[in-house]
Amino acid sequence: MGSISADKLVDLVQSYGLPLVWAIIIFVVGRIAARIISNVVVKMMQKSKIDETLVKFTKTVVYVALMIFVILAALGKLGIETTSFAAILAAAGLAIGLSLQGTLGNFAAGFMLILFRPFKVGDFVEAGGVSGIIEEIQIFSTKMRTGDNKEITVPNGQIVGTTITNYSAKETRRVDMVIGVSYNDDLKKVRAVLEDILNNDERILKDPAPTIGVSELADSSVNFVVRPWVKSADYWSVLFDTQETIKIRFDAEGISIPFPQQDLHIVKEDSAA
């Protein structure tokens, strides 16, 4: 076998060696740059106090996108046609996207929940047809804990597609109660008793002031609306305790809470002799 001439060796190095070296340099430097850029993005987002889940997700997306660009640049330096490669990659992405429409929809919904934050961990919400305390917000789904301590995993797309009611978003809430009394009762006395009950409960806020008023002259009762304001954390305890206290005080004050009744009149006709 004949030896390779120096000129041919130089040609081989120029044709394959140098492009390979440049491709390796591009890949190594590009990988380092991708890490640096993704870390810079993370620090900027953390300074802006953006949710940690969104920070991690963004870091991954930025790094992967930059690495795809770096790989394509390295392949191009080797003389590989990257246009067809990119087309194949795009077609594969489209096929995967069509087959995972529901999953991608949940992914996009999770991104929106993390970005716009209609609720946070620990909030009591009604969303996606269920209600409970938010335990974890993930990219594809959200975990909630019901009042009887059941864990529910709700797809994020189902949450974003419905009305979200956040009961913990505000520091205060209004407790709405309807209390019926008899038409024979003294309405001024009823009002005074209700005011005394509310004034003696330290959990009930003075500002805004509670509302007490006659809302309806119903078929069998005069209905009062009782609407005190409380801290959101005290809502249920105030609701339950106040209703119990009203019943006990009404019994002691001789105020009746009527229930539906019907009078039945029987007409007896004398039969013909």
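## Exercises on helix α6 and a five-strand sheet

In this predicted model, V190, V193, L194, I197 and L198 of α6 are buried. They cover an arc of only 135° around the axis, which puts them on the same side of α6.

**Exercise 1.** Describe helix α6: its span, its two faces and its N-terminal end.

*Solution.*
- Start with the span. Helix α6 covers residues 187-199, 13 residues in total. From first C-alpha to last it reaches 18 Å, close to the 18 Å expected at 1.5 Å a residue.
- Next, find the partners of the buried side. The buried residues of α6 pack against β7 (177-181), β8 (211-217), β9 (222-227) and α7 (235-253).
- Turn to the face pointing away from the buried side. The exposed residues K188 and N199 sit there. Exposed here stands for over 50% relative accessible area.
- Finish at the N-terminal end. D186 caps α6. One of its side-chain oxygens lies 3.1 Å from the backbone nitrogen of K188.

**Exercise 2.** Work out how β3 and β4 are joined, and where β4 stands in its sheet.

*Solution.*
- Take the pair. Strands β3 (residues 141-145) and β4 (residues 151-155) run antiparallel, joined by five bridges.
- Match residues across the pair. M144 has I152 as its bridge partner. T142 stands opposite V154.
- Look at the link. β3 and β4 form a hairpin with five residues between them. In the turn, N149 has a positive phi of about 65°.
- Widen the view. The open sheet has five strands, ordered β4-β3-β2-β1-β5, with antiparallel pairing. β4 and β5 (165-166) stand at the edges with a single partner strand each, so one side of each is left without a neighbour in the sheet.

Technical notes:
Residues numbered from 1 in each chain as written. Predicted model: local features only at pLDDT ≥ 70, side-chain atom pairs only at ≥ 80, totals over all residues. Heavy atoms only, no water. Helix = DSSP H or I, 4+ residues; strand = E, 2+ residues; numbered from the N terminus. Expected span 1.5 Å × (residues − 1). Buried < 20%, exposed > 50% of the residue type's maximum accessible area, 1.4 Å probe, protein only. Arc of directions from axis to C-beta. Contact = heavy atoms within 4.5 Å. Polar contact = N/O pair within 3.5 Å; in protein donor to acceptor, adjacent residues only side chain to side chain. Pairing = 2+ DSSP bridges.
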